[in-house]
Amino acid sequence: MKKYKCPYCGKRTFSVWRKLITGGMASKGRACPECGRHAVHGMKANIFRIVIMAAVLVFIMINYFSSSPDMYLCMGVFAGSLILCHIICALFFGLEENNRKDVR
C-alpha cells in the first residue's frame, strides 16, 4: 500500500485512507503517527475544490431556472462532486502543514 509523506517529519506515514479523511486548511487535520503533528490538504487542493464546486453551482442554477428542473439530478451531481473532490485531493495533491494556532 502506498504511503504519503508527512510535511513535518518527511517520513511516509500517511495511508491513502488517512489522507482521504484529512480536512482542508481550516480543519484540524490528521496527526502523523510518527511525529504527532497535524497535516492538512493545502491551498492547491482548496482552489481545486472551489473551482469544481463553483461549476456545480452554475450547473444547479442553470437547471433550476430551466423549464423542467430536475432536483434529483442536481442532488446527484452535488453529492458526486463532493465525493470526487475528496478522492482527487487524496490522490493528486500533497499534504501541507496546519496553519491553525490551536493545533500542534
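Two strands are taken to pair if DSSP finds at least two bridges between them, and by that rule 2 bridges join strand 3 to strand 4 (residues 38–41), the two running antiparallel. The structure is a predicted model, in which local features need pLDDT of at least 70 and side-chain atom pairs count only at pLDDT 80 or more, while totals for chains, interfaces and linings use all residues. Residues are numbered from 1 along each chain as its sequence is written, and side-chain values use heavy atoms, with hydrogens and water left out. Helices (H or I, at least four residues) and strands (E, at least two) are DSSP runs numbered from the N terminus.

**The sheet**

- Strands 3, 4 and 5 form an open sheet of 3 strands in the order 3-4-5, with antiparallel pairing; its edge strands are strand 3 (30–31) and strand 5 (95–97), each of which pairs on one side only.
- Where strand 3 meets strand 4, R30 stands opposite A39, and A31 stands opposite H38.
- Strand 3 and strand 4 form a hairpin with 6 residues between them, and G36 in the turn has a positive phi of about 85°.
- Strand 4 is also joined to strand 5 by 3 bridges, again in an antiparallel arrangement, and here H41 of strand 4 stands opposite L95 in strand 5.

**Cysteines**

- With a disulfide defined as a pair of cysteine sulfur atoms within 2.5 Å, a search of the whole structure finds 0 disulfides.
- C35 is in no disulfide, and the nearest cysteine sulfur, that of C32, is 3.8 Å away; C89 is likewise in no disulfide, its nearest cysteine sulfur being that of C85 at 6.1 Å.
- On the scale used here, buried means under 20% relative accessible area, exposed means over 50%, and partly exposed lies in between (1.4 Å probe, protein chains only).
- C35 counts as partly exposed because its relative accessibility is 34%, whereas C89 counts as buried because its value is 0%.

**The salt bridge**

- A salt bridge is a side-chain nitrogen of Lys or Arg within 4 Å of a carboxyl oxygen of Asp or Glu, and by this rule the count comes to 1.
- The side chains of K11 and E34 meet in that salt bridge, at 3.4 Å from N to O.
- The pair links distant parts of the chain, 23 residues apart, with K11 in the loop between strand 1 (4–5) and strand 2 (12–14) and E34 in the loop between strand 3 and strand 4.
- Both partners count as partly exposed, K11 because its relative accessibility is 41% and E34 because its relative accessibility is 48%.

**Helix 1 and the loop after it**

- W17 lies in helix 1 and counts as exposed because its relative accessibility is 58%; the C-alpha atoms of W17 and K3, 14 residues apart along the chain, are separated by 9.8 Å.
- T22 lies in the loop between helix 1 (16–20) and strand 3, and counts as buried because its relative accessibility is 1%.
- A polar atom of the T22 side chain lies 2.7 Å from the backbone oxygen of R18.

**Helices 2 and 3**

- M53 lies in helix 2 (residues 43–64) and counts as partly exposed because its relative accessibility is 22%; the C-alpha atoms of M53 and Y72, 19 residues apart along the chain, are separated by 17 Å.
- A nonpolar surface patch of about 580 Å² is made by F78, L82, I83, I87, L91 and F92.
- Patches are made of residues with over 30% relative accessible area and no salt bridge, like charges being joined within 9 Å and nonpolar side chains (Val, Leu, Ile, Met, Phe, Trp, Tyr) within 5 Å; accessible areas come from the Shrake-Rupley method with a 1.4 Å probe, and for residues only the protein chains shown count as cover.
- Within this patch, L82 is found in helix 3 (residues 71–92) and counts as partly exposed because its relative accessible area is 37%.
- F93 lies in the loop between helix 3 and strand 5 and counts as buried because its relative accessibility is 19%; the C-alpha atoms of F93 and D70, 23 residues apart along the chain, are separated by 33 Å.

Definitions and conventions: Polar contact = N/O pair within 3.5 Å; in protein donor to acceptor, adjacent residues only side chain to side chain.
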